[in-house]
Amino acid sequence: MKRILLMGNPNVGKSVVFSRLTGARVIVSNYPGTTVEFTKGRMSVHGEAVEIVDVPGTYTLEPTSRAEEVAVEMLDEGDVVIDVVDATNLERNLNLTLQLLKSGKPVVVALNMWDEVHHKGIEIDVDELEKRLGVPVVQTCGLSGEGINRLMEALEEAKADTLPHEDGERWRQVGEIVMAVQKVRHHHHTVLETLSDLSLQPLTGIPLAVIVGYICFEVIRFIGEGLIGYVFQPLFENYWAPLMMGLSEWLGPGTFWHGLLIGTLFEGQIDFGQSLGLLTTGLFVPLAAVLPYIFAFYVVLSFLEDVGYLPRLGVLVDTVMHRLGLHGLTIIPMFLGLGCNVPGALATRIFETRRQRLISATLMAICVPCMAQIAMVVGLLGDYGARGLVPIFGTLAALWVVLALVFRFAIPGEAPEVFIEIPPYRFPYYRALAQKVWMRISHFITEAVPLVLLGVLVVNLLYELHIIQILGKLLAPVVTGILGLPTEGVAALLVGFLRKDVAVGMLAPLGLSLKQLIIASVVLTAYFPCVATFAVLFKEFGLRDMLKAAAVMMLVAFATGGLLNLLL
Amino acid sequence: MTRRLNAVGIYPGVHAIKRSAQPLRGPVEIQVGGTTLAIGFGMARRILVEVPQ
């Protein structure tokens, strides 16, 4: 089967074109490096099935990072290249185009973001550009789908090796082409450009970052609490509970199936948080307690991504981050990790060095709780207010700083310097934004909900088979001795490997004191990544480094838990 | 380093504008053509510039 590659500089909209071509849904954002692994899709061109590959962005065919290496490796295996070019930034983009034009692969050029060209006062003579490059050039707008059909038709006429040149002469040649095909009218600073400068100037940027952070926090809380309080909680209490009570009576309390599906009754009633049945707690935790916050978080994150704020924040905090031995952009995997640790771990691929990737992935796995877990912790300790939540998140934040410093000096090497393109601010395109939020939510429903059910099932089985009771006795010195938790806490630690939200939920019926809740929440965040994150870390870093990281996690978690037990 | 700078369009003779800089030897933001880049202080200070009259 023929393989078509979508290649181009970072953040030119390759993934948007990809999803237009294939109908496949992929995550797109407004910052370089959103696509860190290649995505494949299929479509038919003139009745022939072809494979189409969304290759991570690269500035050059002489790779300078892991993501760029992937891009160059992919080039060897492709048959035709669609070179996606940001039309508003012709000069820089053509450098790669010229390299592709001597790579031996047939090329078609897509002049993407064509809709933005006029706003920016740029005029491009497409016919002249086509003549000079010697390959078809098609104007496209990925977001609206304009030009995509013509791009497919142009594939037939793709040509290879049309513009021979010396490597050292490339920029001069690009300059000549741009001079000949492009006219730029002077245009005044737009509001967005002024805002961009303001968010990068330290004097205005830092207050702005604080304001943005505060607004995000409030919006997430407002949406999350609102959905739970006014939609999901009433839905479960008023409609699902009577149904389940009926089922409970029909099955009869005490029977095996009742224990599995409904769980324990409290004073003859179902308690969705604590009953631990598949159809009660198993559905309530992911859908009513966690999903609203996941939704709220992804609305906010996706908005920030599409506006293009994250790289600016990364640059703003870089000075401080380098003092901790980290790269400013470390905030990107951390933010993604707050939603779910899996995409967070994958996002570390934006870093050039393995050291930097391993450190940021480990820091994230230990100190960044995912939104599912945060939602459960907030639900569990919400009544205590700041008295409960500040010690938990404060400890994790402090741990993050301390560990970063330890890694800085313990692992030889330096954090590479910042080197990132700052994308222009853009107004998010609401359909793309809605699609991205929907993708992330449906990912949660299909991937996480089954694991939640499995988690609840495992708990029931472990109790049924008396494994929890035995392990509880064995691990009592650690769990009770060091952490000061009851032996039943072992069950939560075991289930935490499957789903941390279920694990936090299991703390509810134990009747823990505030101090114990704080310790358990911190330990559950830090001690080990959940199985999905574990799998990604293993894939990214191999068995040896994964085991090393896991050993660090265990050690840190129990040391921190023990310390809290002594101090609080 | 020159290879990476070259790849994004920073090469001898190019016209560049410094837009802002972070304090305490933090990254420097420069604009070349339609591209704004943030580059680390160590890299930025090794770029020699000539100020136009």
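**Internal spaces and a helix pair in chain A**

By class, 6 nonpolar, 4 polar and 1 charged residues line the second largest cavity of this predicted model. This cavity holds about 60 Å³ of space, and the search of the whole structure finds 5 cavities of 30 Å³ or more. The residues lining the second largest cavity include N341(A), A365(A), V368(A), P369(A), C370(A) and Q373(A), together with K500(A), T525(A), P529(A), C530(A) and T533(A).

The second largest pocket encloses about 1400 Å³ of space. Its lining comprises 38 residues, of which F217(A), F335(A), L338(A), I374(A) and F393(A) are the closest to the centre of the pocket. At least two lining residues are supplied by each of α9 (202–251), α11 (281–307), α12 (309–323), α13 (331–339), α16 (371–381) and α17 (386–410) of chain A. The largest share, 10 residues, is contributed by α9(A). By class, the lining of the second largest pocket consists of 33 nonpolar, 3 polar and 2 charged residues.

Helix α17(A) also packs against another helix, α15 (residues 354–367) of chain A; the two axes come within 10 Å and cross at roughly 155°. Because this angle is over 145 degrees, α15(A) is roughly antiparallel to α17(A). The crossing of α15(A) with α17(A) is right-handed. On the α15(A) side, the contact involves R355(A), I359(A), T362(A), L363(A), I366(A) and C367(A); these meet L396(A), L399(A), W400(A), L403(A), A404(A), F407(A) and R408(A) in α17(A). The residues of this contact comprise 10 nonpolar, 1 polar and 2 charged.

Definitions and conventions:
Residues numbered from 1 in each chain as written. Chains lettered and ligands numbered in written order. Predicted model: local features only at pLDDT ≥ 70, side-chain atom pairs only at ≥ 80, totals over all residues. Heavy atoms only, no water. 1 Å grid on protein atoms, 1.4 Å probe; cavity = no way out; pocket = protein on both sides within 12 Å on 5 of 7 lines; lining within 4 Å. Points joined across faces, edges and corners; volume = space filled by probe spheres on them. Nonpolar A, V, L, I, M, F, W, Y, C, P; charged D, E, K, R; others polar. Helix = DSSP H or I, 4+ residues; strand = E, 2+ residues; numbered from the N terminus. Axes fitted to C-alpha atoms, helices over the stretch in contact; angles between N-to-C directions. Parallel < 35°, antiparallel > 145°, perpendicular 65-115°, else oblique. Left-handed = near helix turned anticlockwise from the far one by under 90°. Contact = heavy atoms within 4.5 Å.
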